Amino acid sequence: MVNQRRLGSIKAARQLASTGVLDIAEAPVPLFGARDVADILKVESWKLQKLLESPTLNLPKPRKLGTTTRATRVFTDIDVLRIALAVELTADGVSAKAIGTAGLPAFEDKEEILGLTVRNGTMQAAQYGLALMRSGDVLSAETFPWDGRERFTTKNNPHYVRNVTELLKPYAARTQQRGK
């Protein structure tokens with residue numbers, strides 16, 4: 001979690017409080033610094049930096065907390081899971097361009113990346129899969145309920161299918177542990 005001592009001087013903290021930035025840091029959404037994210041993903045800091053700066057991956061831009069001279073980059077739990085998904089897809093051999101243009105945009109819905117769904121008006125755990133398909137020169141990605149993968153793969157004939165919920169489970173557990 002981001003340490004409030006990193007904000008710098010008392011004057012900087014007062015300026016931030018007047019702009020409302022500190023209200024965001026105190027929101028119930030856990031915020032993680034870059035070092036925390038690297039620890040959760042079990043990657044070196046330089047590799048995380050390289051991933052974040054990649055223009056083709058289209059990863060979430062980190063929020064800045066602090067003054068302009070001494071700002072700390074912070075990420076939400078959803079940001080961490082999206083970066084983890086990019087790391088895992090890269091490890092599977094999926095190109096950065098495919099991840100940035102099709103893979104990550106398929107998970108715009110936050111509940112899917114967290115493995116949640118609404119059934120009968122209540123939030124329940126669900127398993128989601130990611131499928132990459134190519135039609136001519138166009139690469140597309142789709143998320144689907146994992147329990148319907150047989151029907152989905154027969155209908156769409158994807159060339160890459162992965163259970164994203166299981167893939168992200170260890171990262172979600174480490175994120176939750178760090179967020180406490």
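Student: Is Thr175 buried or exposed?
Tutor: This is a predicted model, so we go by the computed accessibility. Thr175 belongs to helix H9. Its relative accessibility is 5%, and the cut-off for burial is under 20%. That makes Thr175 buried.

Student: Which residues is Thr175 in contact with, leaving aside its neighbours within four places in sequence?
Tutor: Contact here means heavy atoms within 4.5 Å. With those sequence neighbours set aside, the contacts of Thr175 are Phe32, Ile40, Asp77 and Val80.

Student: Ile40 is in helix H3, right? How many residues of H3 are buried?
Tutor: Yes, Ile40 is one of the buried residues in H3, along with Ala34, Asp36, Val37, Ala38 and Leu41. H3 covers residues 34-41 and is mostly covered. Just after H3 comes Lys42, with a positive phi of about 55 degrees. Back to your count for H3: 6 of its 8 residues are buried.

Student: Asp77 and Val80 sit in H5, so which residues of H9 does H5 meet?
Tutor: On the H5 side, the residues are Asp77, Val80, Leu81, Ala84, Leu85 and Glu88. The residues of this contact divide into 9 nonpolar, 1 polar and 2 charged. On the H9 side, the residues met are Val164, Leu167, Leu168, Tyr171, Ala172 and Thr175.

Student: How are H5 and H9 oriented to each other, and why?
Tutor: Two packed helices are described by the angle between their axes and the distance between the axes. For H5 (residues 77-91) and H9 (residues 164-179), the angle is about 130 degrees and the axes are 10 Å apart. H5 passes H9 in a right-handed crossing. An angle of about 130 degrees is neither over 145 nor within 65 to 115, so the two helices count as oblique.

Student: Let's turn to the strands. In what order do the 3 strands of the open sheet lie?
Tutor: The pairing in this sheet is antiparallel. E7 and E8 (160-163) stand at the edges with a single partner strand each, so one side of each has no neighbour in the sheet. From one strand to the next, the twist averages 15 degrees. The order is E7-E6-E8.

Student: How many bridges join E6 to E7?
Tutor: E6 takes in residues 128-135 and E7 residues 138-145, and they run antiparallel. Together they form a hairpin with 2 residues between them, and Gly136 in the turn has a positive phi of about 70 degrees. Ala131 stands opposite Glu142 in E7. The number of bridges joining E6 to E7 is 8.

Student: Which residue in E7 is the bridge partner of Met133?
Tutor: We're still on the antiparallel pair of E6 and E7. For Met133, the bridge partner in E7 is Ser140.

Student: Which helix lies across E6, E7 and E8?
Tutor: The helix you want covers residues 149-156 and runs at about 160 degrees to E7. H9 packs on the sheet too, touching E6 and E8, and its direction makes about 50 degrees with that of E8. The helix lying across E6, E7 and E8 is H8.

Student: To finish, what percentage of the chain's residues are buried?
Tutor: The chain holds 9 helices and 8 strands. Among contacts between residues at least 6 apart in sequence, 58% join residues at least 24 apart. Of the 180 residues in the chain, the buried share is 43%.

Methods
Residues are numbered from 1 along each chain as its sequence is written. This is a predicted model: local features need pLDDT of at least 70, side-chain atom pairs count only at pLDDT 80 or more; totals for chains, interfaces and linings use all residues. Side-chain values use heavy atoms; hydrogens and water are left out. Axes are lines fitted to C-alpha atoms, for helices over the stretch in contact, and angles run from 0 to 180 degrees between N-to-C directions. Helices (H or I, at least four residues) and strands (E, at least two) are DSSP runs, numbered from the N terminus. Angles under 35 degrees count as roughly parallel, over 145 as roughly antiparallel, 65 to 115 as roughly perpendicular and the rest as oblique. A crossing is left-handed if the near helix is turned anticlockwise from the far one by less than a right angle, and right-handed if clockwise. Ala, Val, Leu, Ile, Met, Phe, Trp, Tyr, Cys and Pro count as nonpolar, Asp, Glu, Lys and Arg as charged, and the others, Gly among them, as polar. Two strands pair if DSSP finds at least two bridges between them. Buried means under 20% relative accessible area, exposed over 50%, partly exposed in between (1.4 Å probe, protein chains only).
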